[in-house]
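Visitor: I'm new to this one and would like a close look at a single part. Please pick a spot and walk me through it, with enough background to find my way.

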Amino acid sequence: GTPPDSAVAESFFKTLKRESVEGRSYGTRDEAKWDILECIELIAMGVRMHSALDYMSPAECERQYA
C-alpha cells in the first residue's frame, strides 16, 4: 500500500506487458498463462538484460564484478 511498493509493481507489470503480451494474441488461456510465466521467470531469475547494466543480465553483471 505504500508508493514505493506501487512503483515496483507498476514497473514489473509494464515490463511484463511490453515484453510478453503486448501485440500478441493467444489461442487459449493456458497458452497465455505459460507465456506470461516464462516471462516472469526470465525477469525474476536475472536472465533479462538491462540497459543500466551495459546490456548484461543481473546474473552476468554480478559474476563479472564479484
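Guide: Let's start with how much is tucked away: of the 66 residues in the protein, 15% are buried, where buried means under 20% relative accessible area, exposed means over 50%, and partly exposed is in between (1.4 Å probe, protein chains only). A word on the ground rules: this is a predicted model, so local features need pLDDT of at least 70 and side-chain atom pairs count only at pLDDT 80 or more, while totals for chains, interfaces and linings use all residues. Residues are numbered from 1 along each chain as its sequence is written, and side-chain values use heavy atoms, with hydrogens and water left out.

Now the layout. The protein has three helices and zero strands, and reading from the N terminus you meet α-α-α. Those elements are DSSP runs numbered from the N terminus: helices are H or I with at least four residues, strands E with at least two. The radius of gyration (taken over C-alpha atoms) is 14 Å, well over the 11 Å from the globule rule for 66 residues, so the protein is more spread out than a compact globule. That rule is 2.2 Å times the number of residues to the power 0.38. Along its principal axes, the C-alpha trace spans about 45 × 30 × 15 Å.

The part I'd pick is the loop between α2 and α3, with α3 covering 58-65. Asp54 sits in that loop, and so does Tyr55. What is unusual about the backbone here? Most residues other than glycine have a negative phi. Asp54, though not a glycine, has a positive phi of about 60°, and Tyr55, also not a glycine, has a positive phi of about 60° too. Both face outward by the cut-offs: Asp54 is exposed at 63% relative accessible area, and Tyr55 counts as exposed at 55%.

Step along to Met56, and you're still in the loop, but Met56 counts as buried because its relative accessibility is 13%. What does Met56 touch? Skipping neighbours within four places in sequence, its contacts (heavy atoms within 4.5 Å) are Arg48, Met49, His50, Cys61, Gln64 and Tyr65. One of those partners, Cys61, is itself buried, at 16%. For a sense of distance, Met56 and Gly23 are 33 residues apart in sequence, with their C-alpha atoms 26 Å apart.

Arg48 is worth following, as it also turns up elsewhere. Leaving aside neighbours within four places, Thr15 is in contact with Ser20, Ile43 and Arg48. Thr15 belongs to helix α1 (residues 3-21) and is buried at 11% relative accessibility.

On the other side of the loop in sequence is helix α2 (residues 29-44), home of Glu41. At 53% relative accessibility, Glu41 is exposed, and its C-alpha lies 16 Å from that of Glu31, ten residues away along the chain.

One last stop: cysteines. Cys39 is buried too, at 7%, and the structure holds zero disulfides, a disulfide being a pair of cysteine sulfur atoms within 2.5 Å.
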